[in-house]
Amino acid sequence: MSAAETRPRAPRRRGASPLAPWLLLAPALLLLLLVLGYPLFHLIQISFQNYGQSQLWGFIPPSWVGFANYSKVLGDSFFWQVVLRTIGFAAGAVVLTLVLGMLVALLLQKVSPFVRTLINISLVASWSMPIIVAVTVFKWMTDADYGVLNSLLSKIPGVHMLGHDWFVNTWEGFAVIMALVVWGAVPFVAITLYAGLTQVPGELEEAARLDGAGAFKVFRHVKLPLLKPILVMLGTLSVIWDMGVFAQVYLMRGGHPEPQYQLLSTYSFNQGFVTGNYAAGAAIAVITVLLLLGVIAVYMRQMLKIGEVE
């Protein structure tokens with residue numbers, strides 16, 4: 001007899017209807033259907049039509065074109081450059097966010113309660129800062145003529161950074177934008193990981209140290225496995241957020257991102273609302289959604305595997 005067969009079943013409450021959970025969830029599901037379902041359906045509909053300015057204003061009715069918009073988008077070499085650039089940007093931002101978030105969480109464990117409170121206040125303050133304010137601060141810090149970053153770097157002997165424009169070189173420009181994205185994401189990751197670290201049993205750490213394990217081995221073999229579900233969740237959320245980064249790129253480039261600074265989100269917006277080709281913009285947005293659904297599928301698979309192990 002298997003363990004599942006021998007496991008005692010939870011007693012069912014008398015009078016509780018099996019439809020009760022669904023009835024309680026119905027308002028939220030209906031709201032999600034109206035807020036997310038209809039726009040997504042309309043987006044998919046436009047992606048299969050010839051839809052431009054004339055169709056938007058009702059001068060010409062939209063006509064169905066099948067997969068023509070997708071064929072045109074997928075056959076464009078620039079689109080694939082944008083896809084690779086978006087994946088690379090998201091991968092770098094996610095890795096930096098998780099590593100820095102973990103380091104800050106470990107630091108919170110070591111400092112005194114007073115210092116921990118000050119760090120937590122700083123994290124929450126930076127997390128709650130509006131994006132437009134954060135972009136303004138970063139634009140001032142990296143300004144070619146008056147930026148504090150150029151001024152500080154120029155104080156290093158042999159380094160002359162005064163007048164240096166960080167956005168002439170695409171790599172340097174994306175490094176600044178990535179720093180802005182990571183700076184805004186680290187507080188949530190650090191606070192979440194610190195909450196997870198507080199749940200690690202002290203007896204396990206003490207037993208590992210008695211067996212001769214150092215700080216790194218305790219982290220590698222005790223803390224990290226227990227934090228795996230949280231890390232999988234944070235990693236998935238970070239991928240979804242960083243694949244959809246829009247405001248940081250759009251605002252840092254003054255509302256007109258150059259072709260070398262286009263990511264999937266800005267490229268879809270540019271096609272739809274700048275060039276007026278709403279069908280192409282919708283097709284790019286649908287492809288982005290499909291890519292993110294793939295990420296969610298990997299996340300669900302990992303969570304199911306973790307549940308099976310536990």
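Colleague: Which residues in helix 6 meet helix 9, and which in helix 9 do they meet?

Modeller: In this predicted model, the two partners are helix 6, spanning residues 113-127, and helix 9, spanning residues 170-197. On the side of helix 6 the contact is made by Arg-116, Asn-120, Leu-123, Val-124, Ser-126 and Trp-127. The residues they meet in helix 9 are Trp-183, Gly-184, Pro-187, Phe-188, Ala-190, Ile-191 and Tyr-194.

Colleague: How do the residues of that contact divide into nonpolar, polar and charged?

Modeller: Glycine is counted among the polar residues in this division, and Gly-184 is one of the residues of helix 9 in the contact. With that convention, the contact of helix 6 with helix 9 divides into nine nonpolar, three polar and one charged.

Colleague: Why are helix 6 and helix 9 described as they are, and what is the word for their orientation to each other?

Modeller: The axes of helix 6 and helix 9 come within 8 Å and cross at roughly 135°, and the crossing is left-handed. An angle counts as roughly perpendicular from 65 to 115 degrees and as roughly antiparallel over 145. The crossing angle falls in neither range, and helix 6 and helix 9 are therefore oblique.

Colleague: What is the handedness of the crossing of helix 5 and helix 11?

Modeller: Helix 5 covers residues 77-110 and helix 11 covers residues 215-243, and their axes come within 10 Å and cross at roughly 140°. These two helices are therefore oblique to each other. The crossing of helix 5 and helix 11 is right-handed.

Colleague: Which residues do ring pairs link into a cluster?

Modeller: Rings are taken to pair if their centres lie within 6.5 Å, and by this rule the count comes to 17 aromatic pairs. Ring pairs join the following residues into a cluster: Tyr-51, Phe-246, Tyr-250, Phe-269, Phe-273 and Tyr-278.

Colleague: At what distance from the ring centre of Tyr-261 does Arg-253 lie?

Modeller: A charge is placed over a ring only when CZ of Arg, or NZ of Lys, is within 6 Å of the ring centre. Arg-253 lies over the face of Tyr-261, and its distance from the ring centre is 5.2 Å.

Definitions and conventions: Residues numbered from 1 in each chain as written. Predicted model: local features only at pLDDT ≥ 70, side-chain atom pairs only at ≥ 80, totals over all residues. Heavy atoms only, no water. Axes fitted to C-alpha atoms, helices over the stretch in contact; angles between N-to-C directions. Helix = DSSP H or I, 4+ residues; strand = E, 2+ residues; numbered from the N terminus. Parallel < 35°, antiparallel > 145°, perpendicular 65-115°, else oblique. Left-handed = near helix turned anticlockwise from the far one by under 90°. Contact = heavy atoms within 4.5 Å. Phe/Tyr/Trp six-rings, centres within 6.5 Å; stacked < 30°, edge-to-face > 60°. Lys NZ or Arg CZ within 6 Å of the ring centre and 35° of its normal.
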